[in-house]
Amino acid sequence: MRVGVHINRFNHPAGAPALGAELAAAGAAAEAAGVSWLSVMDHYFQMEFNGGAEDPMLEAYATLSFLAAHTETVRLGALVTGVTYRHPGLLAKIATTLDVLSGGRAALGIGAAWYDREHEGLGVPFPPLAERFERLEESLRICLQMWDPAANGPFEGTHYRLAETLCVPAPVSSPHPEIMIGGSGEKKTLRLVARYGDACNLFATSPEEVTHKLDVLRRHCDTEGRDYGEIRKTMTYTVDAADDGDLDAFTRDITGYTKLGIDTVILAPRTGAPAEWIERFTAPAVQRLAELD
């Protein structure tokens, strides 16, 4: 099981002027620790349970581009982009640019969106849930068409219509940046993972619950004629033991997940100064998980 880090707070004690240096240091610390994945959240406003809308929030893809310039090996992505945030053709172009400039290290994390306050606050349309899932599926189809050099042409969907799906330069990743679909909804989200995803992202609720979600994904793969083994399984771990730096408690808790086929556990510290936390907790956690294998 590999380790990722999800940066989700930007409330550095020294304020906004310190964020650039802090993120650069976090990228360096992550690579020194042997972290394989580095992500940021994609929101307009900070989430209510994580400090509230008045707390600092950076735009995701500008931040990922900054991290790309300060790292060399770690995979980079948003965890995850709401489908309503950007037009899918533009999103594909943004993700492609990150992939090209990072040397093929970009992933496209995407989901159905949920945070109504930020949409209302900035005047971004927030359609009902059923429509958001329809838009999510069309967006996935658009991205895949834009990343297929032989498929340039029109796209006619219910919600999106593109006269061309031209994307030049093409991604460096082959055949395209990894598509990670976030969420654990059994009827729609995991079906979309089986149909379009290269990776899924679940929450580390309990080994029993994650086992159930993976069983649902496997059944969707059977229905879609998809090889379940092709899909990279990741989970986000937000249990307080990791935030508190209790490595022994983390090791005990994570042991229950090690036999489920989870490729990467993504640790999400709720701190605006992640570099020190990565050095103190994540680096030894990488070693602990290597020993569990």
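This report describes aromatic contacts, a bent helix, nonpolar cores and some backbone features of a predicted model.

## Basis of the description

The model is predicted, and local features are given where pLDDT is at least 70, side-chain atom pairs count only at pLDDT 80 or more, and totals for chains, interfaces and linings use all residues. Residues are numbered from 1 along each chain as its sequence is written, and side-chain values use heavy atoms, with hydrogens and water left out.

## Aromatic pairs and charges over a ring

Rings of Phe, Tyr and Trp (for Trp, the six-membered ring) are taken as a pair if their centres lie within 6.5 Å, and a pair is stacked with planes under 30 degrees apart, edge-to-face over 60 and tilted for the rest. By this rule there are five aromatic pairs. One of them is the stacked pair of Trp114 and Tyr115, with 5.0 Å from centre to centre and 20° between the planes. Burial is judged by relative accessible area (buried under 20%, exposed over 50%, partly exposed in between, with a 1.4 Å probe and protein chains only). Trp114 is partly exposed at 49%, whereas Tyr115 is buried at 3%.

Phe250 and Phe281 form an edge-to-face pair, because their planes stand at 75° with the ring centres 5.4 Å apart. Helices (H or I, at least four residues) and strands (E, at least two) are DSSP runs numbered from the N terminus. Phe250 belongs to helix 9 (residues 247-255) and Phe281 to helix 10 (residues 274-292), so this pair ties together parts that are 31 residues apart in sequence. Phe250 is buried at 0% relative accessible area, and Phe281 is buried at 1%. Both residues belong to one aromatic cluster that also holds Tyr237 and Trp277.

A charge is said to sit over a ring if NZ of Lys or CZ of Arg is within 6 Å of the ring centre and within 35 degrees of the ring normal. The ring of Tyr228 has the charged end of Arg218 over it, 3.9 Å from its centre, and also the charged end of Lys233, 3.7 Å from its centre.

## Helix 10 and its kink

The expected span of a helix is 1.5 Å times one less than its number of residues. For the 19 residues of helix 10 this gives 27 Å, and the end C-alpha atoms are 25 Å apart, which agrees. Helix 10 nevertheless has a kink of about 35° at Phe281, shortly before the proline Pro284; the bend at a residue is the angle between axes fitted to the seven residues ending there and the seven starting there.

The buried residues of helix 10 include Trp277, Ile278, Phe281, Thr282, Ala285 and Leu289. Thr282 has 0% relative accessibility and so counts as buried. Contact means heavy atoms within 4.5 Å, and, leaving aside residues up to four places away in sequence, Thr282 touches Val3, Val5, Val35, Leu267 and Trp277.

## Nonpolar cores

A nonpolar core is a set of buried Ala, Val, Leu, Ile, Met, Phe, Trp, Tyr and Cys residues joined through side-chain atoms within 4.5 Å. The largest core has 81 residues, and Phe250, Ile254 and Val265 have the most contacts inside it. Helix 10 provides the largest share of this core, seven residues. Apart from the largest core lies another of six residues, among them Trp37, Leu79, Met180 and Ala199.

Val265 touches residues that include Met1, Val3, Met235, Tyr237, Ile254 and Leu289, again not counting those up to four places away in sequence.

## Helix 6 and its cover

Helix 6 (residues 189-196) is mostly covered, with six of its eight residues buried. These are Thr189, Leu190, Leu192, Val193, Ala194 and Tyr196. Their cover includes helix 5 (129-146), strand 8, strand 9 (199-203) and helix 7 (207-224).

## Backbone features in the loops

Most residues other than glycine have a negative phi, and most peptide bonds are trans. Ala113, in the loop between strand 5 (107-111) and helix 4 (116-122), has a positive phi near 70°, and Ala113 is buried at 12% relative accessible area.

A cis peptide bond joins Val168 and Pro169, with omega about 5°, and Pro169 lies in the loop between strand 7 (161-162) and strand 8 (178-182). Another cis peptide bond joins Ser174 and Pro175, with omega about 0°, and Pro175 is also found in the loop between strand 7 and strand 8. Ser174 is exposed, at 72% relative accessible area.
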